[in-house]
Amino acid sequence: MANTHNKALKAALEWYVDQGIDEAIDNIAIDRRKNSNVKKSNVNISSGKNKEKEKFSAHMISSSHKASLGKSDAWKEAVKLASKAETLEELRIVISEFEGLSLKKTATNLVFCDGNSKSSVMLIGDAPGADEDRLGKPFVGVSGKLLDSILKYINLDRNEQNPKKALYLSNILNWRPPGNRTPSLSEIEVSLPFIEKHIALVKPKILILCGGISAKALLGRSEGILRLRKSWYDYKPQTKELGLDVSAISAIVTYNPVYLLSTPSQKKAVWADMLSIEQKLNDFFSSDNIEGTTCV
Ligand code: URA
């Protein structure tokens, strides 16, 4: 019995390697053969010659079913925890205790926020990198320095106490993806309830969506950053299950400073985005008065 089981496991592993699947990068296995163009001859499980491989095919179908339930469970848990959090400190705690993202296992620190939580401007990046993972704060590496220097031109500073000049920062993902790989769709999906609750607790007037992942996730759009830039959007949370009452948040999309480091020619475009933000802030402050505290 145990021998048959070991043979089946060995066949499963060989099948993975045959298909080039030699690294786990996600929480959930995706059955890419469903609705895909992968030819049966490539999949090589229906020849009938190899009983072990046929057994494995059945195993794959049942495990992919379990996987989709797993994904849904992680997302439901994220919604439940995010709903419970009534303050930023509570949100930080529930995220740190959430076990639905395997990124937590490979990361060193939770990256939750930096800056002044009473700021009118909240900037949301994509995901922490190595420096952020080490220090537990968003945008603290070379790209963070570049970001700080750009924002200084429009009088926004994460260390500023005056909320009119202050900035609050976070990311879509609170944990660094190993090797700075692009986060998977399921990682973004599971992280969305947390960042949407984060925004609802901070209640900024302006959201700067800094990078393609941030822009697509928070605007619920499929277009790339090139198409999403140069417009103002009315931000609305997509996770209806959170029951958030969020009103009057204007969102703008700009390039991530990590991209600017490799493509400095786009600094001109970012400068145009900054001028647009400055104008929006001037319009807003001409009629408002607010106070602030530092990041939890
Ligand atoms: N650092 C962050 O914290 N977020 C990014 O998106 C890029 C760098």
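**A walk through the model: strand β4, aromatic pairs and a pocket**

1. Let's start in the sheet: strand β4 pairs with strand β6 (residues 250–254) in the parallel sense, over five bridges. At one place along this pairing, Ile208 stands opposite Ile252 in β6. Please keep in mind that this is a predicted model.

2. β4 also has a partner in strand β2 (residues 121–125); the two run parallel and are joined by four bridges. Here Met122 is the residue that stands opposite Leu207 in β4.

3. Is β4 itself covered or open? Strand β4 (residues 206–210) is mostly covered, with five of its five residues buried. In a regular strand, side chains alternate between the two faces of the sheet. You can follow the two directions in β4: Ile206, Ile208 and Cys210 point one way, Leu207 and Leu209 point the other way, and all are buried.

4. Next, the aromatic residues. Four aromatic pairs turn up in a search of the whole structure. One of them is Tyr153 with Trp271: the ring centres are 5.7 Å apart and the planes lie at 85°, over the 60 degrees needed, so this pair counts as edge-to-face. The pair links distant parts of the chain, 118 residues apart, with Tyr153 in the loop between α7 and β3 (168–171) and Trp271 in helix α12 (residues 267–285).

5. How exposed are these two partners? Tyr153 has a relative accessible area of 59%, so it is exposed, whereas Trp271, with 39%, is partly exposed.

6. Tyr255 and Tyr259 make another aromatic pair, a tilted one, at 5.0 Å centre to centre with 45° between the planes. Tyr255 counts as buried because its relative accessibility is 6%, under the 20% limit. Tyr259 is partly exposed, with a relative accessible area of 33%.

7. One more ring is worth a look, this time with a charge beside it. The charged end of Lys280 sits over the ring of Trp232, 4.8 Å from the ring's centre.

8. Finally, have a look at the second largest pocket, which holds about 480 Å³ of space. Its lining has 21 residues, and those nearest the centre are Ala127, Pro128, Gly129, Asn180 and Val258. Two or more lining residues come from each of α6 (130–135), α7 (142–152) and α11 (257–262). The largest share, three residues, is given by α6.

9. What kinds of residue line the second largest pocket? The lining divides into ten nonpolar, seven polar and four charged residues.

Methods. Residues numbered from 1 in each chain as written. Predicted model: local features only at pLDDT ≥ 70, side-chain atom pairs only at ≥ 80, totals over all residues. Heavy atoms only, no water. 1 Å grid on protein atoms, 1.4 Å probe; cavity = no way out; pocket = protein on both sides within 12 Å on 5 of 7 lines; lining within 4 Å. Points joined across faces, edges and corners; volume = space filled by probe spheres on them. Nonpolar A, V, L, I, M, F, W, Y, C, P; charged D, E, K, R; others polar. Phe/Tyr/Trp six-rings, centres within 6.5 Å; stacked < 30°, edge-to-face > 60°. Buried < 20%, exposed > 50% of the residue type's maximum accessible area, 1.4 Å probe, protein only. Lys NZ or Arg CZ within 6 Å of the ring centre and 35° of its normal. Pairing = 2+ DSSP bridges.
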